[in-house]
Amino acid sequence: MARFANVEVPSDKRIVIALTYIYGIGSKSASDIAAAAKVDPTKRVKDLDEAEEKKIRDIIDANYNVEGDLHRVVANNVKRLKDIGSYRGLRHKANLPVRGQRTRTNARTKRGKRIAIGGSQPKAASKT
């Protein structure tokens with residue numbers, strides 16, 4: 001398996017697909033990287049030679065903010081929003097959707113599992 005930006009990419013996939021396994025590189029960026037390195041986009045990772053791997057590695061290091069650095073930038077952006085008390089920051093703090101989605105019915109991914117309120121427990125026997 002080849003290693004780009006400290007990530008092991010699958011060797012049996014095409015280079016443009018394998019590069020998308022790196023956080024911060026999507027399909028468009030992967031195509032641009034392959035074009036800049038003058039590598040055939042249909043070529044498999046296992047078929048790359050050392051020179052092509054090095055060229056791709058150099059392009060990613062020079063031009064793209066990926067993996068740990070990008071995670072740090074995103075975390076700092078969210079922290080800044082929380083610190084200045086913006087609406088988006090408050091939504092991040094409350095663990096609610098940030099970009100205007102409705103929360104009355106959906107937003108289960110962000111809010112977590114439903115909590116039942118009554119009706120789920122059997123009634124306690126009353127004294128007579």
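# A tour of the chain, stop by stop

Among contacts between residues at least 6 apart in sequence, 47% join residues at least 24 apart. Keep in mind as you click around that this is a predicted model.

**Stop 1: the whole chain**

Start with everything shown as a cartoon. You should find 6 helices and 2 strands. Walk along the sequence and the order is β-β-α-α-α-α-α-α. The radius of gyration is 24 Å, well over the 14 Å that the globule rule gives for 128 residues, so the chain is more spread out than a compact globule. Turn the model around: its C-alpha atoms fill a box of roughly 85 × 40 × 25 Å along the principal axes. How many of the 128 residues count as buried? The share is 26%.

**Stop 2: helix α2**

Now select residues 27-36, which make up helix α2. Show the side chains of Ser29, Ala30, Ile33 and Ala34, the buried residues of this helix. Look straight down the axis of α2: these buried residues fall within an arc of 135 degrees, so they line one face of the helix. What do they pack against? Add α1 (15-18) and α3 (50-63) to your selection, and you have the partners of that buried face. Then swing round to the other side of α2, where Ser27, Lys28 and Ala35 are exposed.

Before you leave, click on lysine 38, which follows α2. Its phi is positive, near 55 degrees.

**Stop 3: helix α3**

Next, pick α3, residues 50-63. At 1.5 Å a residue, its 14 residues should span 20 Å, and the end C-alpha atoms are indeed 20 Å apart, which agrees. You can check this with the distance tool in your viewer.

Which residues of α3 are buried? Colour Glu52, Glu53, Ile56, Ile59 and Ile60 to see them. Down the axis of α3, they fall within an arc of 130 degrees, so they too line one face of their helix. What covers these buried residues includes β1 (2-4), α1 and α2. The face turned away from the buried side carries the exposed residues Glu50, Ala51, Asp61 and Ala62.

Stay on α3 and zoom in on glutamate 53 and arginine 57. They form a salt bridge, with the closest N and O atoms 3.2 Å apart. The two are 4 residues apart in the helix, which puts about one helical turn between them. Buried or exposed? Glutamate 53 is buried, with a relative accessible area of 11%, while arginine 57 counts as partly exposed at 26%.

**Stop 4: two salt bridges on helix α4**

Move on to α4, residues 67-84. Select arginine 72 and aspartate 69 together: they form a salt bridge, and their closest N and O atoms are 3.0 Å apart. Both lie in α4, 3 residues apart, or about one turn of the helix. Arginine 72 is partly exposed, with a relative accessible area of 48%. Aspartate 69 is partly exposed as well, at 43%.

Slide further along the helix to lysine 79 and aspartate 83. Here is another salt bridge, with the closest N and O atoms 2.9 Å apart. Lysine 79 and aspartate 83 are 4 residues apart in α4, separated by about one helical turn. Lysine 79 is partly exposed, with 47% relative accessible area, whereas aspartate 83 is exposed, at 55%.

If you want to go hunting for others, the full count of salt bridges comes to 7.

**Stop 5: arginine 91**

Finish in helix α5, residues 87-93, where you will find arginine 91. Where is the nearest side chain of opposite charge? That is aspartate 83, which you met at the previous stop, and it is 17 Å away. Arginine 91 is buried yet has no salt bridge. A salt bridge needs a nitrogen and an oxygen within 4 Å, so 17 Å leaves arginine 91 without one.

So who are its neighbours? Show Leu96, Pro97, Val98 and Thr103: arginine 91 touches these residues, leaving aside those up to four places away in sequence.

Technical notes: Residues numbered from 1 in each chain as written. Predicted model: local features only at pLDDT ≥ 70, side-chain atom pairs only at ≥ 80, totals over all residues. Heavy atoms only, no water. Buried < 20%, exposed > 50% of the residue type's maximum accessible area, 1.4 Å probe, protein only. Lys, Arg positive; Asp, Glu negative; His and termini not counted. Contact = heavy atoms within 4.5 Å. Arc of directions from axis to C-beta. Expected span 1.5 Å × (residues − 1). Rg over C-alpha atoms; globule rule 2.2 N^0.38 Å.
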